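Student: I would like to request a close look at a single part of this structure. Please guide me through the side chains of that part and the partners they meet.

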Amino acid sequence: MSLLPVDIGPLNPPVPELAVAAVLFALVLLFCAWLTPRVRRVRAERAAAPHGVEARDEAVRRQAETERLRAAAPLAEARHDAARVRLRALEEDAAPVAEVRAEARREYATIVTRGQTRIATDRARAEAELRVQVSELASNLASRILGEQVEAKAEPRL
């Protein structure tokens with residue numbers, strides 16, 4: 001049995017083969033219709049996955065940046081406080097150092113004055129002793145040079 005009364009060769013299929021082919025075609029079509037939404041959903045999920053990750057990454061970056069900025073203010077304040085404390089400590093340490101230096105300068109001046117006084121006293125004592133002994137030393141020297149005994153006259157100088 002042919003579908004068309006005209007013999008056109010292989011283009012005129014028999015009806016039972018055409019019915020089987022139509023049923024099989026319908027089954028394949030239904031299967032594709034059932035599979036297509038799932039394929040589209042999976043493809044959409046796969047396509048959106050990188051975009052979703054990028055969006056989440058961007059959100060995490062923004063949140064991290066806000067947290068960093070929020071944490072930066074107390075850190076800056078803490079650094080400022082630390083610098084203030086260091087400066088105050090340096091100032092407090094500078095006052096005792098200045099006092100110690102001033103006292104050291106006073107002690108230095110006192111020691112130098114005492115030393116100069118002692119040197120002047122020792123010099124005066126040494127001059128006085130030498131004045132007494134000068135005539136004796138001079139007579140001894142003259143005796144050696146002349147070969148005769150020369151007597152020393154004790155004339156104290158003022």
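Tutor: Let us begin with one pair of charged residues. The side chains of Glu65 and Arg68 form a salt bridge, with 2.5 Å from N to O. This distance comes from a predicted model. Both residues belong to helix α1, where three positions, about one turn of the helix, separate Glu65 from Arg68. How accessible are the two partners? Glu65 has a relative accessible area of 36% and is therefore partly exposed. Arg68, at 47% relative accessibility, is likewise classed as partly exposed. Neither value falls under the 20% that marks a buried residue, and neither is over the 50% that marks an exposed one.

The salt bridge of Glu65 and Arg68 belongs to a wider set, since a search of the whole structure finds nine salt bridges. Another of them joins Arg62 to Glu58, whose side chains meet at 3.9 Å, N to O. A salt bridge requires a side-chain nitrogen of Lys or Arg within 4 Å of a carboxyl oxygen of Asp or Glu, so the 3.9 Å of this pair satisfies the rule. Arg62 and Glu58 are four residues apart in helix α1, and so about one helical turn lies between them. Glu58 itself is located in helix α1. Its relative accessible area is 35%, and therefore Glu58 is partly exposed. Glu58 also has a polar contact of 3.2 Å with the side chain of Arg61.

A further salt bridge is found between the side chains of Asp122 and Arg125, at 3.4 Å from N to O. These two residues stand three places apart in helix α1, so that about one helical turn separates Asp122 from Arg125. Asp122 is partly exposed because its relative accessibility is 34%. Arg125, with 46% relative accessibility, is also partly exposed. Returning to Glu58, salt bridges with shared partners link Glu58, Arg61 and Arg62 into one network.

We may now turn from charged side chains to nonpolar and aromatic ones. Val20 has its place in helix α1, which covers residues 15-146. Together with Val23, Leu24, Leu27 and Leu30, Val20 forms a nonpolar patch on the surface, and the accessible area of these residues together is about 490 Å².

How many aromatic pairs are counted in this structure? The count comes to one aromatic pair. The pair consists of Phe31 and Trp34, whose ring centres are 5.8 Å apart and whose planes meet at 40°, so the arrangement is described as tilted. The reasoning rests on two limits: planes under 30 degrees apart would count as stacked and those over 60 as edge-to-face, so an angle of 40° belongs to the remaining class. Phe31 and Trp34 lie three residues apart in helix α1, about one turn of the helix. Phe31 is partly exposed, at 46% relative accessibility. For Trp34 the relative accessibility is 46%, and Trp34 is therefore partly exposed.

Two serine residues offer a further subject. Ser139 is placed in helix α1. With a relative accessible area of 7%, under the limit of 20%, Ser139 is therefore buried. Its side chain reaches the backbone oxygen of Glu136 at 2.8 Å. Ser143 also lies in helix α1, and its relative accessibility of 13% places Ser143 in the buried class. A polar atom of the side chain of Ser143 lies 3.3 Å from the backbone oxygen of Glu148. When neighbours within four places in sequence are set aside, Ser143 is in contact with Glu148, Gln149 and Val150.

Finally, let us consider Val100. This residue lies in helix α1. Its relative accessible area is 56%, which is over 50%, and Val100 therefore counts as exposed. What separates the C-alpha atoms of Val100 and Ala48? These residues are 52 residues apart along the chain, and the separation of their C-alpha atoms is 76 Å.

Conventions:
Residues numbered from 1 in each chain as written. Predicted model: local features only at pLDDT ≥ 70, side-chain atom pairs only at ≥ 80, totals over all residues. Heavy atoms only, no water. Patch = residues over 30% accessible without salt bridge, like charges linked within 9 Å, V, L, I, M, F, W, Y side chains within 5 Å. Areas by Shrake-Rupley, 256 points an atom, 1.4 Å probe, with all protein chains shown as cover. Buried < 20%, exposed > 50% of the residue type's maximum accessible area, 1.4 Å probe, protein only. Polar contact = N/O pair within 3.5 Å; in protein donor to acceptor, adjacent residues only side chain to side chain. Phe/Tyr/Trp six-rings, centres within 6.5 Å; stacked < 30°, edge-to-face > 60°. Contact = heavy atoms within 4.5 Å.
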